[in-house]
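Here are my notes on the model you sent over, as numbered points. Have the coordinates open as you read.

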Amino acid sequence: MRTPSSEMYGDLRSFGGITNCAAASILISSKSDLFSHVSNRPFLSRKITNAAPGSIDPAEFSNFGISTQTLFSKIISNLGGSNARRLVSAHYAGPAALNMQEALTCIGEDASVYANALHRINNGTLKSELDRDILYLHLFIACGCLQNASAAVKSTEMFANVSLAVSLKTQLTSVNKPKRFPPLTSPITPNWG
């Protein structure tokens, strides 16, 4: 079954050049019982990379802000070149976001929650484009780990607020409901200013 977790680990391996074991070593808390098993390939595949939604307690994960920045640096290093950061941004705002939304749909999650957050990241006023790039990846990572779009968005909003001093929450300007964007059917173009 295609899940956000399998989508995330597959993407980190194919696009980012990061093995499942290396990614899990970054994402799983060293205080977790799961951490001692990340080098056991059958266990890693069955219980972590292809974990059923809800089977891993959120407390088992490392801080997503720190994990995301570590993974971001590794991906940039693995891609190499002066354009690597833009490639990462375009990937996690585009094809990877589409794939994550499809994985969310496969497990019965509302993919528009992810799409809404992606639009807020893309259109938000941030201090630097690097912050935007990190937020695209943070949303992807949190969603892959938590396998819950609402929890991933909440985690990303909290990271943006605490670590970057920005708000990604929808600002209500009237009594109308906030606009909900449908799940993406094509990649968005990152807003590079």
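1. A cut-off before anything else, since several points lean on it: a residue is called buried when its relative accessible area is under 20%, exposed when it is over 50%, and partly exposed in between. Keep in mind too that this is a predicted model.

2. The overall fold is quick to describe. The protein has 9 helices and 0 strands, so from the N terminus on the order of elements reads α-α-α-α-α-α-α-α-α. Of its 193 residues, 50% count as buried. Among contacts between residues at least 6 apart in sequence, 72% join residues at least 24 apart.

3. Helix H5, residues 84-93, is a good place to start looking at the packing. Its buried residues are Ala 84, Val 88, Ser 89, His 91, Tyr 92 and Ala 93. Which helices do the buried residues of H5 pack against? The partners are H1, H4 (64-79), H6 (95-106), H7 (111-123) and H8.

4. On to charges. The structure holds 5 salt bridges, and one of them joins Arg 2 to Glu 7, with the closest N and O atoms 2.9 Å apart. Glu 7 has a relative accessible area of 14% and is therefore buried, while Arg 2, at 30%, is partly exposed. Glu 102 comes in here as well: Arg 2, Glu 7 and Glu 102 are linked in a network of salt bridges.

5. The pair I'd look at next is Asp 133 with Arg 85, a salt bridge whose closest N and O atoms are 2.1 Å apart. Asp 133 belongs to helix H8 and Arg 85 to helix H5, so this pair ties together parts that are 48 residues apart in sequence. Is each partner buried or partly exposed? Asp 133 is buried, with a relative accessible area of 0%, whereas Arg 85 counts as partly exposed at 30%. Asp 133 also sits 8.8 Å from Phe 72, C-alpha to C-alpha, although 61 residues separate the two in sequence.

6. A further salt bridge is made by the side chains of Arg 120 and Glu 157, at 2.8 Å from N to O. This pair links distant parts of the chain, with Arg 120 in helix H7 and Glu 157 in helix H9 (residues 149-164), 37 residues apart. Both Arg 120 and Glu 157 are buried.

7. Now for a charged residue without a partner. Asp 131 is in helix H8, which covers residues 129-146. Asp 131 is buried yet has no salt bridge. How far away is the nearest side chain of opposite charge? That side chain is Lys 127, and it is 6.5 Å away. Because a salt bridge needs a side-chain nitrogen of Lys or Arg within 4 Å of a carboxyl oxygen of Asp or Glu, the Lys 127 distance does not qualify. Leaving aside neighbours within four places in sequence, Asp 131 is in contact with Leu 126 and Leu 164.

8. Next, the interior space. The count comes to 1 cavity of 30 Å³ or more, and the largest cavity has a volume of about 40 Å³. Its lining is made by Ser 5, Met 8, Tyr 9, Ile 48, Ile 56, Phe 61, Gly 144, Cys 145 and Gln 147. Those residues divide into 6 nonpolar, 3 polar and no charged.

9. Which helices supply at least two residues of that lining? Helix H1 (4-14) and H8 each do, and H1 gives the most, with 3 residues.

10. Last, please take a look at Gln 147, which is also one of the residues lining the largest cavity. Gln 147 lies in the loop between H8 and H9. Its phi is positive, about 55°, although Gln 147 is not a glycine. Is this loop residue buried or exposed? Gln 147 has a relative accessible area of 6%, which means that it is buried.

Methods. Residues are numbered from 1 along each chain as its sequence is written. This is a predicted model: local features need pLDDT of at least 70, side-chain atom pairs count only at pLDDT 80 or more; totals for chains, interfaces and linings use all residues. Side-chain values use heavy atoms; hydrogens and water are left out. Helices (H or I, at least four residues) and strands (E, at least two) are DSSP runs, numbered from the N terminus. Buried means under 20% relative accessible area, exposed over 50%, partly exposed in between (1.4 Å probe, protein chains only). Lys and Arg count as positive and Asp and Glu as negative; His and the chain ends are not counted. Contact means heavy atoms within 4.5 Å. On a 1 Å grid over the protein atoms alone, a cavity is a set of points where a 1.4 Å probe fits but cannot get out, and a pocket is an open set with protein on both sides within 12 Å along at least five of seven lines; lining residues have an atom within 4 Å of a point. Grid points are joined across faces, edges and corners, and a volume is the space filled by probe spheres set on the points. Ala, Val, Leu, Ile, Met, Phe, Trp, Tyr, Cys and Pro count as nonpolar, Asp, Glu, Lys and Arg as charged, and the others, Gly among them, as polar.
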